[in-house]
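Student: I have a model open on my screen and I'd like to learn how to read it. Can you walk me through it, one feature at a time?

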Amino acid sequence: REQGMLEHVELYNTPTGIHLLLDNEVLYHSGSAELRTEFKAILKSVAATIEEYSFEQLRVEGHTDNVPIHTVRFPSNWELSAARALAVIKFLAFNEGIDPEKLSAVGHGEFRPIASNATPEGRAKNRRVEFYLDLVAQQDPSPGQE
């Protein structure tokens with residue numbers, strides 16, 4: 001709300017914390033993983049929330065539409081989505097001082113759409129970044145208990 005970005009943000013309570021979904025319009029330029037200035041302001045708010053509520057983990061998941069990308073840096077949408085998620089956690093760790101042990105990045109490429117890729121509007125919805133802020137750290141299974 002403070003950033004004037006309400007139409008680009010969805011916020012949900014989950015059993016473990018908060019799920020925040022941001023559409024691509026404020027995040028990155030097309031085909032890029034460089035954070036836009038507007039997105040950095042949102043990330044500063046996310047960092048303040050992490051500190052205020054003592055979240056144990058933040059998983060950032062990047063998503064793309066199904067329009068193929070073939071560049072030297074991003075041979076596929078998987079690399080682009082992973083690079084976008086990684087840019088977010090690096091900003092939070094290196095610019096906002098969030099403990100890197102609490103952060104993880106995941107790239108899903110075009111493989112988890114939330115809308116049809118048959119229309120420009122649907123593709124726009126699929127280009128997004130999702131944040132999962134967990135109040136309790138998820139336990140990794142002990143060796144041999146998987």
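Tutor: Sure. Let's begin with a term: two strands count as paired if DSSP finds at least two bridges between them. Keep in mind as we go that this is a predicted model.

Student: Okay, how many bridges join β1 to β2, and do the two run parallel or antiparallel?

Tutor: In general, strands of a sheet pair through backbone hydrogen bonds, and they can do so parallel or antiparallel. Here, five bridges join β1 to β2, residues 17–23, and the two strands run antiparallel. The connection is a hairpin, with three residues taking the chain from β1 to β2. You can follow the pairing residue by residue: Glu10 has Leu21 in β2 as its bridge partner, and Leu11 stands opposite Leu20.

Student: What does the whole chain look like if I just read along the sequence?

Tutor: Start with an inventory. The chain has three helices and five strands, and they follow the pattern β-β-α-β-α-β-α-β.

Student: And in what order do the strands sit in the sheet?

Tutor: Sequence order and sheet order are separate things to read. In this open sheet of five strands the order is β1-β2-β5-β3-β4, and the pairing is mixed. β1 (9–13) and β4 (103–107) are at the edges with a single partner strand each, so each has one side without a neighbour in the sheet. From one strand to the next, the twist averages 15 degrees.

Student: Where do helices α1 and α2 lie?

Tutor: For a helix on a sheet, look at which strands it crosses and at what angle. Helix α1 (residues 37–53) lies across β2, β3 (57–63) and β5 (128–134), at about 10 degrees to β5. Helix α2 (residues 77–94) lies across β3, β4 and β5, running at about 165 degrees to β4.

Student: Which residues have the most contacts inside the largest nonpolar core?

Tutor: Phe39, Val88 and Phe131 do, in a core of 28 residues. The elements giving two or more residues to this core are β2, α1, β3, α2 and β5, and α2 gives the most, with seven. There is also a second, separate core of five residues, including Ala33, Phe74, Leu80 and Ala83.

Student: What does Phe131 touch?

Tutor: Leaving aside residues up to four places away in sequence, its contacts include Ile18, Leu20, Leu22, Phe39, Leu43, Val46, Leu58, Val60 and Val88. Polar names turn up too, among them His19 and Arg59.

Student: How do I read contacts over the whole chain?

Tutor: Check how far apart in sequence the touching residues are. Among contacts between residues at least 6 apart, 67% join residues at least 24 apart. As for burial, 40% of the 146 residues are buried. The chain exposes about 8,700 Å², with carbon and sulfur atoms supplying 52% of that.

Student: Let's finish with one residue. Where is Arg127?

Tutor: Arg127 sits in the loop between α3 (120–126) and β5. Buried means under 20% relative accessible area and exposed means over 50%, so at 26% Arg127 counts as partly exposed.

Student: And which residue's side chain does the Arg127 side chain make a polar contact with?

Tutor: That of Asp65, at 2.6 Å. Not counting residues up to four places away in sequence, Arg127 also touches Asp23, Asn24, His63 and Thr64. Its C-alpha atom is 8.5 Å from that of Pro113, 14 residues apart along the chain.

Technical notes
Residues are numbered from 1 along each chain as its sequence is written. This is a predicted model: local features need pLDDT of at least 70, side-chain atom pairs count only at pLDDT 80 or more; totals for chains, interfaces and linings use all residues. Side-chain values use heavy atoms; hydrogens and water are left out. Helices (H or I, at least four residues) and strands (E, at least two) are DSSP runs, numbered from the N terminus. Axes are lines fitted to C-alpha atoms, for helices over the stretch in contact, and angles run from 0 to 180 degrees between N-to-C directions. Contact means heavy atoms within 4.5 Å. Buried means under 20% relative accessible area, exposed over 50%, partly exposed in between (1.4 Å probe, protein chains only). A polar contact is a pair of N or O atoms within 3.5 Å; within protein, one must be able to donate a hydrogen and the other to accept it, and residues adjacent in sequence count only if both atoms are side-chain atoms. Accessible areas come from the Shrake-Rupley method with a 1.4 Å probe; for residues, only the protein chains shown count as cover. A nonpolar core is a set of buried Ala, Val, Leu, Ile, Met, Phe, Trp, Tyr and Cys residues joined through side-chain atoms within 4.5 Å.
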